[in-house]
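Student: Please show me the model, and let us work through a sheet and a helix.

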Amino acid sequence: MLHEDKARGVIACSAGNHAQGVALAARRNGTKATIFIPSIAPISKIEATRSYGADVRLIDGVYDDAYAAALKFQQATGGVFIHPFDDIDVISGQGTIALEILEQLDDVDAVVVPIGGGGLISGIAATIKTLKPECRVYGVQPQNLPSMYTSFACNQRTKLDYSYTFADGTAVKLPGELTFKLCQKYVDDVIVVSENEIASAILALMEHEKTIAEGAGALAVAACLSNKISLTNKKIVCVVSGGNIDMHTLSSVVTNALKYNHRLCTLNVTLLDSPGQLRDFSAIISQEGGNIVEMDRNYDLEDIAMNSCSLRFLIETRDLEHFENIKTALIDNGYNIKL
């Protein structure tokens with residue numbers, strides 16, 4: 001960086017990951033960083049960026065709104081703008097991930113990559129297809145904001161209205177101009193996954209790989225776990241691109257994933273309001289291998305007899321089949337079960 005550029009400082013916009021990289025690099029190079037971050041970004045990303053010494057400007061909306069504010073600031077100050085994805089140097093740097101993949105697994109059949117604006121997959125796909133053309137490259141986006149997926153289908157860059165996704169790192173309404181061209185040339189297909197499928201992937205990574213991923217970082221794993229990519233007899237690499245997830249969000253994600261996979265299930269039952277009723281009901285669940293983790297009185301049901309009470313149970317189970325077995329056992333013992 002030239003001396004006069006350092007004096008003006010650097011400017012970036014990001015949902016959080018690019019922001020932290022620019023902030024750290026600016027501090028190490030003795031220049032000021034002004035980072036525009038959308039207000040939907042997790043607090044952990046915002047505070048991490050501040051901790052590297054950046055001047056953080058929060059902008060209402062999503063990445064595209066932060067981008068517009070950053071460009072306006074750049075025009076006013078003359079600072080050096082570092083684009084998070086539509087920049088050939090950024091794309092080239094991210095392409096080194098493909099070099100690492102091929103170095104460690106040279107017979108890889110497919111690489112699956114999260115997509116936001118498209119910088120990460122552009123670098124990886126261009127490198128993979130240059131060095132190993134037969135290797136397939138898939139991109140994955142959240143179903144709630146599939147800008148590259150839609151652009152692919154329409155064969156032109158398409159701007160979408162914002163729709164919430166907790167994969168905030170990929171919440172981009174319009175793909176980059178350069179990245180869209182590179183994706184058209186090098187990416188084999190773009191796939192979408194639901195919020196529940198993303199949550200399930202985060203839970204699976206925690207349980208099986210002891211790895212915490214943010215929503216955007218888990219997209220590739222979500223596509224594979226939901227069988228949206230053929231895995232039979234294939235060596236597939238999933239790029240897990242970030243772990244900056246807010247702890248409050250993580251708690252909610254895990255709970256929702258457990259419910260989605262029928263590992264936490266709800267039962268409503270009406271019991272006589274007399275000693276021993278709850279003990280007998282709980283014993284059946286225990287005998288079937290279930291675990292009651294929460295219980296409360298359900299006031300939503302009407303027409304309950306004066307000598308009865310309606311209870312709601314949250315039960316820990318292995319899967320849907322296990323839950324159905326517990327429900328059947330309760331019904332066989334005369335209990336009136338409602339979901």
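**Strand pairing and one helix**

Val111 has Val137 in β6 as its bridge partner. This is a predicted model: local features need pLDDT of at least 70, side-chain atom pairs count only at pLDDT 80 or more, and totals for chains, interfaces and linings use all residues. Residues are numbered from 1 along each chain as its sequence is written, and side-chain values use heavy atoms, with hydrogens and water left out.

Student: How many bridges join β5 to β6?
Tutor: Strands here are DSSP runs (E, at least two residues), numbered from the N terminus. β5 covers residues 110–114 and β6 covers residues 136–142. They run parallel, and the bridges that join them number 5.

Student: Which strands are the edges of the open sheet with the order β7-β6-β5-β8?
Tutor: The sheet has 4 strands with parallel pairing; two strands pair if DSSP finds at least two bridges between them. An edge strand pairs on one side only, and the edges are β7 (189–193) and β8 (236–238).

Student: What span should helix α4 have?
Tutor: Helices are DSSP runs (H or I, at least four residues). The expected span is 1.5 Å times one less than the number of residues. α4 has 15 residues, 63–77. Its end C-alpha atoms are 21 Å apart, which agrees with the expected 21 Å.

Student: Which residues of α4 are buried?
Tutor: Buried means under 20% relative accessible area, exposed over 50%, partly exposed in between (1.4 Å probe, protein chains only). The face turned away from the buried side carries the exposed Lys72, Gln75 and Ala76. The buried residues are Tyr63, Asp64, Ala66 and Ala70.
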